[in-house]
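Welcome to a short set of exercises on reading a fold. Have the sequence and the 3D view ready, try each task on your own, and then follow the worked solution.

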Amino acid sequence: MRLFASLRDRFPAEARGRGDIDLADGATLSDLIGRLEIPDRLAQMVLVDGQQAPRKNGERVAWELRDGQTVSIFPPVSGGR
């Protein structure tokens, strides 16, 4: 599990945005995001083992997670001057 930018504070500071999360068998990507209490709008880009998790009609597609997978979650990117 890897969290980036403003989402890194979901883990202790010494974890630097990385950690392991135990989930029940059959847990989905949405279950993980909910467990971390990340609003869906803040989980802008989600990768599972480097592959972007798709959305359909704006909704996150159910993606069942397996033991050992690496999930990376990025918040929306903002910029400016």
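**Exercise 1. The sheet**

Task: Work out which strands are joined to one another, in which direction they run, and in what order they lie in the sheet.

Solution:

Step 1. Begin with E1 and strand E6 (residues 71–74), which run parallel and are joined by two bridges. Within this pair, Arg2 has Ser72 in E6 as its bridge partner. Keep in mind that this is a predicted model.

Step 2. Next, look at the other neighbour of E6. E2 and E6 are antiparallel, with four bridges between them. You can follow the register here: Met45 is opposite Phe74 in E6, and Leu47 is opposite Ser72 in E6.

Step 3. Now move on from strand E2 (residues 45–48) to E3; these two run antiparallel and share two bridges. Leu47 faces Gln52 in E3, while Val48 has Gln51 in E3 as its bridge partner.

Step 4. Put the pairs together. The four strands make an open sheet with the order E1-E6-E2-E3, and the pairing is mixed. Strand E1 (2–3) and strand E3 (51–52) are the edge strands, each pairing on one side only.

**Exercise 2. The turn and the edge**

Task: What lies between E2 and E3, and which residues does Gln51 touch beyond its sequence neighbours?

Solution:

Step 1. E2 and E3 form a hairpin, with two residues between them. In this turn, Asp49 has a positive phi of about 50 degrees.

Step 2. Gln51 belongs to strand E3. Setting aside residues up to four places away in sequence, Gln51 touches Val46 and Trp63.

Step 3. Compare Gln51 with Ser72: they are 21 residues apart in sequence, and their C-alpha atoms are 9.6 Å apart in space.

**Exercise 3. The core**

Task: Is Leu29 buried or exposed, and which elements supply the largest nonpolar core?

Solution:

Step 1. Locate Leu29 in helix H1. Leu29 counts as buried because its relative accessibility is 0%, and the cut-off for buried is under 20%.

Step 2. List the contacts of Leu29, leaving out neighbours within four places in sequence: Val46, Val48, Ala53, Arg60, Trp63, Leu65 and Val71. One of these, Leu65, is 36 residues from Leu29 in sequence but 6.4 Å from it in space, C-alpha to C-alpha.

Step 3. Widen the view to the largest nonpolar core, which has 17 residues. Those with the most contacts inside it are Met1, Leu3, Leu29, Ile38, Val46, Val71 and Ile73. Helix H1 (29–35), E2 and E6 each supply at least two of the core residues, and the largest share, three residues, comes from H1.

Step 4. Take Ile73 as a second example. Not counting residues up to four places away in sequence, Ile73 touches a set of residues that includes Met1, Leu3, Ile33, Ile38 and Val46.

**Exercise 4. The largest pocket**

Task: What is the volume of the largest pocket, and how many residues line it?

Solution:

Step 1. The volume of the largest pocket is about 410 Å³.

Step 2. Its lining consists of 18 residues, and those nearest the centre are Ile21, Arg66, Asp67, Gly68 and Gln69.

Step 3. Sort the lining by character: eight residues are nonpolar, five are polar and five are charged.

Note on methods:
Residues are numbered from 1 along each chain as its sequence is written. This is a predicted model: local features need pLDDT of at least 70, side-chain atom pairs count only at pLDDT 80 or more; totals for chains, interfaces and linings use all residues. Side-chain values use heavy atoms; hydrogens and water are left out. On a 1 Å grid over the protein atoms alone, a cavity is a set of points where a 1.4 Å probe fits but cannot get out, and a pocket is an open set with protein on both sides within 12 Å along at least five of seven lines; lining residues have an atom within 4 Å of a point. Grid points are joined across faces, edges and corners, and a volume is the space filled by probe spheres set on the points. Ala, Val, Leu, Ile, Met, Phe, Trp, Tyr, Cys and Pro count as nonpolar, Asp, Glu, Lys and Arg as charged, and the others, Gly among them, as polar. Two strands pair if DSSP finds at least two bridges between them. A nonpolar core is a set of buried Ala, Val, Leu, Ile, Met, Phe, Trp, Tyr and Cys residues joined through side-chain atoms within 4.5 Å. Buried means under 20% relative accessible area, exposed over 50%, partly exposed in between (1.4 Å probe, protein chains only). Contact means heavy atoms within 4.5 Å.
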